[in-house]
Amino acid sequence: MKKEFEHGTEGTEQELEQGYNESRVYELGFHIDPELPQEEVKKVYQGIREHVASIGTIVAEGEPQKIPLAYTISRKEVGGRRDFNTAYFAWVAYEALTEGHAAVVTAANANKALVRFIDVRTEKEAAQHAAEMHEIYAKLGQEAENQGSEEEVLDVELDQALKDVEV
């Protein structure tokens, strides 16, 4: 028996419930273990990115950046509990069928280098906008760093000038 659901697709109830008839856009956001070396973080990110690309189409992405976490994340491990206050955050927005989406979630769940991840359904435009905003914030951060170093130089020059005047 065919049914039509609110998003306008037609198919059997099972096909529509499981999303077999359409490709959807998802965003996988994940925290990578902060104790990994930088090269290993890049490898973990590239591995996830390649897995996603093999299953679907990458819409937008954000490379790993070390960030402080808003709260401590605890994880049970063989040696005991580990607490994380920082992590490398990265994300990949992708378009895939339901089977592909399930495979991405399963792979992320099995990846021991990930501290935590979230996979949500989104829209292509929203993901592309997020990528644009990510670039803008990265540029602002670099400008602030450059300005901070200029201020440090000016402070050193001012200190030196004050010492010269006192002598």
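This is a short walk through a predicted model, starting with its sheet and moving on to the helices that pack against it.

Let's begin with the sheet. Four strands form an open sheet in the order 4-5-3-6, and their pairing is antiparallel. Strand 4 and strand 6 take the edges, where each has a single partner strand, so one side of each has no neighbour in the sheet. From one strand to the next, the twist averages 20°.

Now follow the pairings one at a time. Strand 4 (residues 57-77) and strand 5 run antiparallel and are joined by 14 bridges. The connection between them is a hairpin, which passes through 2 residues. To find your place along this pair, look for Lys76, whose bridge partner in strand 5 is Arg81, and then for Ser74, which is partnered by Asp83. On to the next pair: strand 5 (residues 80-96) is also joined to strand 3 (residues 24-32), by 9 bridges, and these two run antiparallel as well. Here Ile32 stands opposite Tyr88 of strand 5.

Strand 3 is also where you will find His31. Is this residue buried or exposed? With a relative accessible area of 16%, His31 falls under the 20% cut-off, and therefore counts as buried. Beyond its neighbours within four places in sequence, His31 is in contact with a set of residues that includes Ile67, Leu69 and Ile73, along with Ala87, Tyr88 and Phe89. Its contacts also include Ala113, Leu114, Val115 and Arg116.

Next, the helices. Helix 2 packs on the sheet and touches strand 3, strand 4, strand 5 and strand 6. Its direction makes about 125° with that of strand 4. Helix 3, for its part, lies across strand 3, strand 5 and strand 6, and runs at about 165° to strand 6.

Helix 3 deserves a longer look. Spanning residues 98-110, this helix of 13 residues reaches 19 Å from its first C-alpha to its last, close to the expected 18 Å. Which of its residues are buried? They are Gly100, His101, Val104 and Ala108. Viewed down the axis of helix 3, the buried residues fall within an arc of 100°, so they line one face of the helix. The general geometry helps here: an α-helix has 3.6 residues a turn, so residues three or four places apart point the same way. The cover over the buried residues of helix 3 includes strand 3, helix 2 (38-55), strand 5 and strand 6 (114-122). On the other side of helix 3, Thr106, Asn109 and Ala110 are exposed.

How values were computed: Residues numbered from 1 in each chain as written. Predicted model: local features only at pLDDT ≥ 70, side-chain atom pairs only at ≥ 80, totals over all residues. Heavy atoms only, no water. Pairing = 2+ DSSP bridges. Buried < 20%, exposed > 50% of the residue type's maximum accessible area, 1.4 Å probe, protein only. Contact = heavy atoms within 4.5 Å. Expected span 1.5 Å × (residues − 1). Arc of directions from axis to C-beta. Axes fitted to C-alpha atoms, helices over the stretch in contact; angles between N-to-C directions.
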